[in-house]
Each structure stands twice: as structure tokens, then as C-alpha cells.
Amino acid sequence: MNYTQSEVLQYIAENDVKFIKLFFTDIFGSIKSISIMPEQLPTAFKWGIPFDASCVKGFLEVAKTDLFIVPDPATLAVLPWRPQHGRVVRFYCNIRYPDGAPFAGDSRLILQQTADKIRELGYTCKIGTDCEFYLFNADENGQPTLTPQDQASYCDLAPRDRGENVRRDICLTLEQMGIKPEASHHEKGPGQNEIDFADSDVLNAADNFATFKTVVRTIAARNGLFASFMPKPLADRSGSGLHVNISLKKDGCNVFEGEKLRPEAESFIAGILHHIKDITAFLNPLNNSYDRFGEFEAPQYVSWSRWNLSQLIRFPASGGKDVRIKVRSPDPACNQYLALALILSSGLDGIANKRPLPPATDIDLCSAPPQTIAGLPKLPGSLKEALAFAAASPFVADLLTKDVLDMFAAAKSGGRDPDFGEI
């Protein structure tokens, strides 16, 4: 529900809310939080709540002063796992300078600007995500281990699938927060799970994904487990992807509908393919991300197909007005705000420049002989290579400020991924 400020204040007063958590996101997609009491909320709406930007990873060189977080009233949600007497609610926030100007490093703002551009061009865009993650046992001190919760495989049932009740609790909790999971199942890897979501507005989809990761970690911990969103936590097992489903309409018509693709649909897909190497560092931001490519049906080549599962972009099975495209290279370690902004901006650039769509690659890339795939362009093979593409890209430079690019590259060029227990 899209609450207004006055509706939020009335809700807080009438529903025994005693604690308010203000969420914001650093440049790498990690959620940060400041808690305030209800009496401070009007001030937060009007002026924002200050925080020390120099202590937030990635903001140090961009902001040399305090920044302010301003809650978005439309994102009000009760945290169902917290006490029901003296409730706790949360808001997602926009980040601003002390003079009220938007902070250029606010990735949520960057996505909002992309969504606004889509609407200005006359399109309606919806995003749905399919996210894979692993559930590992925790040790006696609650620290994560690399022992999967179970040894089940794709779509297995309980009792072999020991994640069934955890996924159920995750989905029910998300429903209580107004987020709609469509389906859930055990994935191919031991202890690996997937939850798929209904289409939502662009910014809501990104906010919902951030909420999803918080809920998964919370419910897992309550069950004595650790949820990992690392792209490739087990070297010899299936990696975890974040598949992005994109629906695009103009004048009420589905751009992707029909046996023969419309010119703007072709150009939208072509734009993503054209820029994918430049934006991969943001879709796949860890060294570990590149261990996933090319294995267990994860994409490795810059290609598309209507049906084949191994392609970078494909059309999921659907019919009529539900036709959409699926971008399969991102992984759940990304900053979803930047990832969606870059993917959608690539598609819009394709339309603006009428980029031609290369022929579909209707072969199984996982089993194709080397001579068949020799001419296909590949995704970057390492984070270092991906960062080099991003640094040389005028397209990325147009969307992200130089400060943001430099800060992201400097942090990622250190070579070390976060610890397993942080992802």
C-alpha cells in the first residue's frame, strides 16, 4: 500500500508502534539501519535523520560530511517477527545532503530516476525476480558452516527436502509484509532453495528483494541455520543466481508478445546484450561470482534464445499477455538497485539507438561442441576484467557519477571478497 505521510503518522499512532527502523543501502547493496522512536518520525520526514557517511562502506570518498536519510512513506511495513505489542515498523529511505539535495551515490535514487525515464517514454515496466540461496547448518556458537541443511536435489519433497518449512515461513512472512511470492522449491544443490516473485513496479521490486534477503536471513537464524547468498558457496555444486524477469508494455500492449518480435522488443534485448559486458561488474560484484558462470546451466556467453535454458536472455514459458524476458546472469550478491537500473537503461539505450538484435542461439550451450560456440562473445571471466569494461564504458559513466564509479572500482579492486558469513 502506498501510504502518504499523514496516513503513516495516523497508522503509527493507532497501531501500537513503538519502534521505527529506517533502512538505507550502501553502494554494494548492504542494508544499513537507524532506529528512531515514533515521536521523531515527523522530523525524519521533514529534515531527515543524520548519519556519519564516512563510516559507511563506499561513501567515504564521496561524502565528507554527514548525510541524511529521509523515509519513503510508501514503504511502511510491520516487521512480523518482532513483538506484536509495541510493534516495530520499517521504511526504506532516500539519502540526501544536509541542504536537501539528493546524494548522487544513492543507488535507490538512481533506480527511481530510471523508472521515471521509462514512464516518460510511455512504457510500463514490471519486474519479477527468481532468487536462489543456500541454507547451511550453524555451529554451536551460531556461526555459519559449509554443511548444507540437506542433501536434496531439484524439486525434492520432505523429508529429503528439509527446507520446506523454512521456505513456508519465509513466504508467509513476506505475505504479511505485502510481498507476493509466486512459487518456491528446492533447487539442484544440497541445501539450495529458490523463491520466485510476482511482477511489481520497478522500485518496489528492488525494495522487495532487499526485504526478501532480510526475511530469509531472519527466518533461517530462527531455525538454527545460516542463509547464504554467495553466488558459488560450494565449488562443485550449483551456483545461485538472481534471475530478472522483465515485462514491458506500451499503450497497453505487451512489447514482447507475438511470434515475430516487434522492432522495439528486438532493440531492447539487443541493448542489454550490447552493454552486458560493461555492466557485469555491478550484476556480479564478487570474485566468487565468476566461478558460477558456465556451470550448471549458468550463462557464460552473450546470447539469447526464446526457449533454451542456458542462454543469457531467454523467454520463460508463458502465453499471451504474460510474455516476458528473463536476464539470467545477475547473482544475489549484487546491489539490486544498481543492477536493475543498468539492465533497464541498457534496454532503453537499445530502443533509442535502434540496435539490431543478433540471431537467436537455439542450442544447448552447456553441451555444444567447441567448434559450434567458438564465435560467441563471452561474459567477462573475472571481476578484474569486468571492472575494466565498466571503467572504459561511456554508457556506465553517463548513468553513474565519476565519484560513484571510482569508489566502487577502488573498493572492488582490493581483490578480496567479503567473508562467507557476510553474504
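Tutor: Two strands pair if DSSP finds at least two bridges between them. The model discussed here is a predicted one.

Student: What makes strand 7 and strand 13 a pair, and in which sense do they run?

Tutor: Strand 7 (residues 123-138) and strand 13 (residues 242-250) share nine bridges, whereas the rule asks for at least two; the strands therefore pair, and their sense is antiparallel. Within this pairing, aspartate 130 has histidine 243 of strand 13 as its bridge partner.

Student: How do you know that strand 7 and strand 11 pair?

Tutor: Strand 11 (residues 200-201) is joined to strand 7 by two bridges. The rule requires at least two, so this count satisfies it. The two strands run antiparallel, and lysine 126 stands opposite aspartate 201.

Student: Which residues stand opposite each other where strand 7 meets strand 10?

Tutor: Glutamate 132 stands opposite glutamate 194 in strand 10. Strand 10 (residues 192-197) pairs with strand 7 in the antiparallel sense, over five bridges.

Student: What are the bridge partners of phenylalanine 136 in strand 12 and in strand 8?

Tutor: In strand 12 the partner is phenylalanine 226, and in strand 8 the partner is proline 148. Strand 12 (residues 225-228) is joined to strand 7 by four bridges and runs antiparallel to it. Strand 8 (residues 144-148) also pairs with strand 7 in the antiparallel sense, over two bridges. Five residues lie between the strands of the hairpin formed by strand 7 and strand 8, and glycine 142 there has a positive phi near 80 degrees.

Student: Why is strand 7 called mostly covered?

Tutor: Of the 16 residues in strand 7, twelve are buried, which means that each of those twelve has under 20% relative accessible area.

Student: Why is cysteine 155 called partly exposed?

Tutor: Its relative accessibility is 41%. Partly exposed lies between the limits of 20% and 50%, so cysteine 155 belongs there.

Student: How do you know whether cysteine 155 is bonded or free of a disulfide?

Tutor: The closest cysteine sulfur, in cysteine 171, is 14 Å from that of cysteine 155. A disulfide needs the sulfur atoms within 2.5 Å, so the distance is too far for a bond. Cysteine 334 is likewise in no disulfide, as the nearest cysteine sulfur, in cysteine 131, is 8.8 Å away. The count of disulfides comes to zero.

Student: Is cysteine 334 buried or exposed?

Tutor: Cysteine 334 is buried, because its relative accessible area of 1% is under 20%.

Student: What makes asparagine 288 buried, and where does it lie?

Tutor: Asparagine 288 has 10% relative accessibility, which is under 20%, and therefore counts as buried. Asparagine 288 lies in the loop between helix 6 (263-283) and strand 15 (304-305). Leaving aside neighbours within four places in sequence, asparagine 288 is in contact with Met230, Pro231, Lys232, Pro233 and Asp417.

Student: Why is helix 3 called roughly parallel to helix 7?

Tutor: Helix 3 (residues 107-120) and helix 7 (residues 336-352) pack at an angle of about 30 degrees, and their axes are 8 Å apart. Angles under 35 degrees count as roughly parallel, so helix 3 is roughly parallel to helix 7. Their crossing is left-handed. Among the residues making the contact are Ile110, Leu111 and Thr114 of helix 3 and Leu340, Ala341 and Leu344 of helix 7.

Note on methods:
Residues numbered from 1 in each chain as written. Predicted model: local features only at pLDDT ≥ 70, side-chain atom pairs only at ≥ 80, totals over all residues. Heavy atoms only, no water. Buried < 20%, exposed > 50% of the residue type's maximum accessible area, 1.4 Å probe, protein only. Contact = heavy atoms within 4.5 Å. Axes fitted to C-alpha atoms, helices over the stretch in contact; angles between N-to-C directions. Parallel < 35°, antiparallel > 145°, perpendicular 65-115°, else oblique. Left-handed = near helix turned anticlockwise from the far one by under 90°.
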